[in-house]
Structure formats: C-alpha cells, structure tokens
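Subject: Structure handover

Hi,

Here is the structure I promised to pass on. Have a look at it first, and then read on for my notes.

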Amino acid sequence: STTVLCTVAQFCLYAEQAYERDYPSRSAGVEIDSRAVGAALFAYCYAYRALCSVDPVDHLTSNFDVPKRMTQLKQWLAQKARGCKDELQRRSSVRRSCEAANRAFQSRRASTALRHWAVAKNHTNQSEMTMNRIDDRIREAQDEVRRQQDVKSLHDQAIEMLSSTKHPTRAATDLYRNALAREVGGTPEHQALSYMMGACTNWESGDALLAKWDGIKSKEAYIAAETAVNQAADVLGTPGYYGDKIQLDEDAQKALGVCLRQAQEEIDRKVSFEGHMAECQSHLDGSRALAALEELSLAEELAASPDEKQRVADQQEVAETEKKRQEDVKDLHTQALVVLRSEDDVGAATSLYRRALELEAESSTPEHRALTHMVEVCTHWETGYAALKHWNGIQSKESFSSARQAGADAAGIAGTPGYYGDKIQLDEDAQKALGVC
C-alpha cells in the first residue's frame, strides 16, 4: 500500500505541474491550452484508480483513521478530476467557438462570426483573450457587418428608386456604383451588384431613348436590363451575409415591366404614325387632297416628337396647297358650266377650261383628260355656233354632234377618288343647252 500511495503522490505532483504548464495548441488560427489540462486530468484519474486498488489497513496508531483519510483523498482526487474535466470542456468550447468564428469570417458570414466570437468571449480568461485577440476579432467582425449593412442599404435605396417614377434611374445607377466600390471582389454579392449596375445602365439608356421617341432601341435596352436582372437573381448569395438577397423586388419588377410596355406602345404609335404619313403621301401622289388631309388629321393626333409634328405641318401645307389647286380647277369648271348654260359666250367657257388645264398640268390624271374633252366640247360648240350664224346647218349639226360626243367622253372618265368637288362633266342644264343647239 505504501508503494501505491507513493505512486498516487507522484501522479498528483505531475498533475499539478501539468496544469500549471503552458502547452499552446494551434487550430485554425486559435491558440488554446488543451493538452496540459488533459494531461492533468489523466494523472488525477490514474491516481484515483491506483488509490482505489489499496486495501486500507489501520496498522498505525488508533488515533489515525486510515479508511477515513483514504476516503478524503479519493474525494479530493475526484474533485480535482472534475475541475480538470470542466476546464477541458470550457477550453474546448472556446476553441470550437473561435474556430467557427474564423471559418464564418473567412467566408464573409460576419454576423455568424460575431455570434461565435461573443460566445467565445463569455468563456475565455484574460490570457486567452489576449492570445487570440478576441476583442480585435470582434471589432473586425463588427466592421464587416457594418460594411455589409452599408452595401445592402445602398441596394435597398436603389430598389426604392427603381420602384418609383419620382426618381431618375441614374440615381439608382450611382447607388449601385457606390455599393460595388464597397463590396469585396470575387464574392457572389460583387457579381450580383455588377449585374444590377448593368441592369440600371441599360434601364437608364432605355429611359433616355424613350424620351427621344425611339421605341425600338428603347425596348432593346429594357430587354438587356431585364436579362441582367435575371442574371443577378440567379446568383446565390453568401449564406449569412447581412440582409436580403441582391435582386429586384416585386415593385421594381413591375416598374421595369411598365417601361417595356411603354416602349412597345411607342413602337406601335410610331408604326401607326408612319403608316398614316405614307398613306397621305400616296394620296398626294394620286391628287387625292381630301383623303390626304384626313390621313394627316389622324397622323397629327399621333405625332409626338417635334420632328414628327413638323412633318405633319409640312405635309398639311402641301395638302392644303393641292386642295386649293383642285378647288381652283373645279371653280373654273363651275364658271364654265354657268357660261355654257347661258349660251352667252362659249368662247369664254373655252378660255376657262384652258386655264383649268394649265392648273391640271399632269396629263395622266383623269381630271386632265376630262378637261381636255371639255375643251373639245367648247371648241366644237363654238364652231357650231359660227357655222349656224353663216346658215351652214350641216356643218353646224356635225360640230354640235362632236361636242355632244366630247361631252360623253368626259362623262365616261371616272374622277380621282378624293379629288375636290364634283366630277368634271356637263351637268344636266348644260346638256339641255347643247341639245337645244
């Protein structure tokens, strides 16, 4: 038993020395003394087991209670072992918290790192705090959380501006540019911010192009913005990174959809406007001044840009000039019919029709051909009068017949649809007057 007690004493001494010695252990950048405490725990446990193998015999004086002393020694060893175990568990907890904090911080999960550092701080002693620079690590994590908060705050502000029509898109672009400058390169957030900045740049271009009434290019820019937005949404954010994922929210998505719809409406407006302008030109080319003016009235309602409004005004001037020319032609025709009805001076009617022909100079138009026949009517009518004055009934009758035939030829020509006024032909009264002749 004496030998065992000596062994117990040796292990107790070893345990005390081991507990006081410093065996720093590095793990994931963490320095926590674990092996020394473990060695002390082993020594106390071995001493306890050795002591348990001794059969206490009271071979000394009756005043020395050996069993009692042995029991007290066992209790003391058990208490020491429990103390070492508790300390070992504490240090293991600190080490695990520090390691978890380091891993979280290295992967940009600053909030998670901060929680682990707080747990570690609550269980460390002063030497461990100093050795592992826990206060410094907490400040670093707090700085990183603030940086992430700043990035997400800029993102939130940009989203709010994109969702509202009160702010120019350029303001959101500037916010994302600032956020991108604050984010660390190579992170998912940096990539998502790059896509969002690209989306805003294209969105901004779309707004500028739409303001210039360029619907096609505006729509292309908005589609490019939508593509960049979808790319940002596909980026998986860093787990534990502060705030919501970097992407458009529902309101901003709706705002972009409105822009796309406005671009398409501008395209449709432009197509309709150009269609009316083309129809107008076609009517003018065909001497259909009234029809041209109707198309211009519709085009005027659709005209948006200063250039389009000026084009409408220019074409209206051309159409009004053409209408005035046609009015003059038909006015001369009307005057000529008045003369023919009265049979006063057919030669005056001939002159009126010749003046009308000068105004209707394009020989291919129905009105020019009809006026040519009306000149023939007047010429033959005038010749018939002259022959009748010379009592030449046969020649007079032939001339009047030729006049009626020329009148029929004029009546057989279909007038230009949309040409101002009534068709160029003898009216009923003028035909009666010719019939009388």
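How many helices and strands does the protein have? There are 16 helices and 2 strands. Please keep in mind while you browse that this is a predicted model.

Some overall numbers to start with. The protein has 437 residues, and 40% of them count as buried. About 23700 Å² is exposed, with carbon and sulfur atoms supplying 51% of that area. If you take the contacts with a separation of 6 or more, 65% of them are between residues 24 or more positions apart.

Now for the charges. Side chains of opposite charge can pair when their charged atoms come close. Searching the whole structure turns up 16 salt bridges, and I'd like to walk you through a few.

Start in helix 6, which covers residues 134–163. Glu144 pairs with Arg147 in a salt bridge there, and their closest N and O atoms are 2.7 Å apart. Why are these two separated by about one helical turn? Because they are 3 residues apart in helix 6. Both Glu144 and Arg147 are buried.

Helix 12 (residues 306–342) holds another pair, Glu322 and Arg325, again 3 residues apart, about one turn of the helix. Their side chains meet in a salt bridge at 2.6 Å, N to O. Buried or exposed, where does Glu322 fall? Its relative accessible area is 15%, so Glu322 is buried. Arg325 has a value of 18%, so this residue is buried as well.

Then move to helix 10, residues 250–285, where Glu274 and Lys270 sit 4 residues apart, about one turn of the helix. The salt bridge between their side chains has an N to O distance of 3.9 Å. With 28% relative accessibility, Glu274 counts as partly exposed, and Lys270 is partly exposed too, at 29%. Which residues are linked with Glu274 and Lys270 in a network of salt bridges? The others are Glu266, Arg269, Glu308 and Arg311.

There is also a negative patch on the surface. Which residues form it? They are Asp156, Glu160, Asp244, Asp249 and Asp251. Asp156 brings you back to helix 6. The relative accessibility of Asp156 is 45%, so this residue counts as partly exposed.

Two more residues are worth a click. The first topic is Ser218, which you will find in helix 9 (residues 215–234). Why does Ser218 count as buried? Because its relative accessible area is 0%, and buried means under 20%. Leaving aside residues up to four places away in sequence, Ser218 touches Gly206, Leu209, Leu210 and Ala263.

The other is Thr334, found in helix 12. Thr334 has 42% relative accessibility, so it counts as partly exposed. How far apart are Thr334 and Leu426 in sequence and in space? In sequence they are 92 residues apart, while their C-alpha atoms are 9.8 Å apart in space.

If you want a place to begin in the viewer, try the network around Glu274 and Lys270 in helix 10, then go to the buried pair Glu144 and Arg147.

Cheers

Key:
Residues numbered from 1 in each chain as written. Predicted model: local features only at pLDDT ≥ 70, side-chain atom pairs only at ≥ 80, totals over all residues. Heavy atoms only, no water. Patch = residues over 30% accessible without salt bridge, like charges linked within 9 Å, V, L, I, M, F, W, Y side chains within 5 Å. Areas by Shrake-Rupley, 256 points an atom, 1.4 Å probe, with all protein chains shown as cover. Salt bridge = Lys/Arg side-chain N within 4 Å of Asp/Glu carboxyl O. Lys, Arg positive; Asp, Glu negative; His and termini not counted. Charge placed at Lys NZ, Arg CZ, Asp CG, Glu CD. Buried < 20%, exposed > 50% of the residue type's maximum accessible area, 1.4 Å probe, protein only. Contact = heavy atoms within 4.5 Å.
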